[in-house]
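I opened the notebook to record what I looked up in this structure, beginning with the overall fold and ending with the interior.

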Amino acid sequence: MGLIEQIIARAKSNKQRIVLPEAEEERTLCAADRVLADDIADLILIGNPDKVHALATEKGLKNIGKATLIDPLNYEHSEEMAQLLTKLREKKGMTIEKARELVKDPLYLGCMIIKTEGADGQISGALSTTGETLRPALQIIKCAPGITCVSGAMLMITKKPEFGENGVLVVGDVAVTPMPDANQLSQIAVCTAQTAKSVAGFAEPRVAMLSFSTKGSASHEVVDKVVEATKLAKELDPTLKIDGELQADAALVPSVGAKKAPGSDIAGKANVLVMPCLEVGNIAYKLVQRLAGATAIGPILQGIARPVNDLSRGCSIEDIYYLVAITACQAMDAKK
């Protein structure tokens, strides 16, 4: 069973409630129909009921009736949601009038439903920007305990079973924080290891903090940052198996790891790679994807107290379908 099939199987084993606030969007509704047909998650669709039903009829979708459908302009709990949002954001100047308008926004309403424990996760982005997806999540759901930095992980499925976990690697950050400081980088390490567990199913994430230096082979302030981040990550999660700073070959190739970092439990065995900055992470995963023919799944947003994930506006029906399963796996882990 491949990684995608494993993720779907885990989602099916403990169904979570996932909000799709862009239910009037064609790809989203088609993906929702497939999710419901395959019994992967319980879905909450937010959109105009007439438009949703008309689109479902036009596309021949037979399973949309299994979802909970909410009209954001006529939701029975809108006023209590507005009152709660006002309370949550009053120190930021939120008024009840502004809150009443915001809870008509499907992205805000979805996050409020999660906040009030009516759902476990949310996916948007087929119509919305990353900022529009993240803003209500950070304002309402907020970051996980001990975390102040949101980041994005990528699952890399390679054709090289000798690397990572039978060819699978989890890489972060590839999507959100351009130039993390040592504290943020430590959080990215902890969160990416957690994604490796909850989504990729790694029993033992082994985290390599990557740099252009291995164990002092070069001296520079950016190397110092990685060394400090490694120390802070161990303090943040004392159970975490992590080492750094390591060059990529030292992290992945046993013979190189043994030579460059003798005695390391991670060198040559890493299955989680933490990049020193977003620029490196984004370039690296795209090079591996294009030159080595690896499959890249993500980015998977991490660090939020309940999973809220972002799609590309160019996403496919399949992308949305898989991200529902991934979000469900994250939601299970967030409840622990």
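The entries below go from the whole chain to its nonpolar cores.

I am working with a predicted model, in which local features need pLDDT of at least 70, side-chain atom pairs count only at pLDDT 80 or more, and totals for chains, interfaces and linings use all residues. Residues are numbered from 1 along each chain as its sequence is written, and side-chain values use heavy atoms, with hydrogens and water left out.

Overall fold. I found 13 helices and eleven strands in the chain, taken as DSSP runs (helices H or I, at least four residues; strands E, at least two) numbered from the N terminus. I compared the radius of gyration, taken over C-alpha atoms, with the globule rule of 2.2 Å times the number of residues to the power 0.38: for 336 residues a compact globule would have a value near 20 Å, and the chain, at 21 Å, agrees.

Burial. I noted that 54% of the 336 residues are buried (under 20% relative accessible area, 1.4 Å probe, protein chains only).

Cores. I looked up the largest nonpolar core (buried Ala, Val, Leu, Ile, Met, Phe, Trp, Tyr and Cys residues joined through side-chain atoms within 4.5 Å), and it has 62 residues, with L43, L45, I64, L155, V207 and M209 making the most contacts inside it. Helix α13 (residues 317–334) gives the largest share of this core, eight residues. Apart from it lies another core, of 28 residues, including L109 and I304.

L155. Leaving aside neighbours within four places in sequence, I see L155 in contact (heavy atoms within 4.5 Å) with residues including L3, I7, L169 and I300.

Conventions: Buried means under 20% relative accessible area, exposed over 50%, partly exposed in between (1.4 Å probe, protein chains only).
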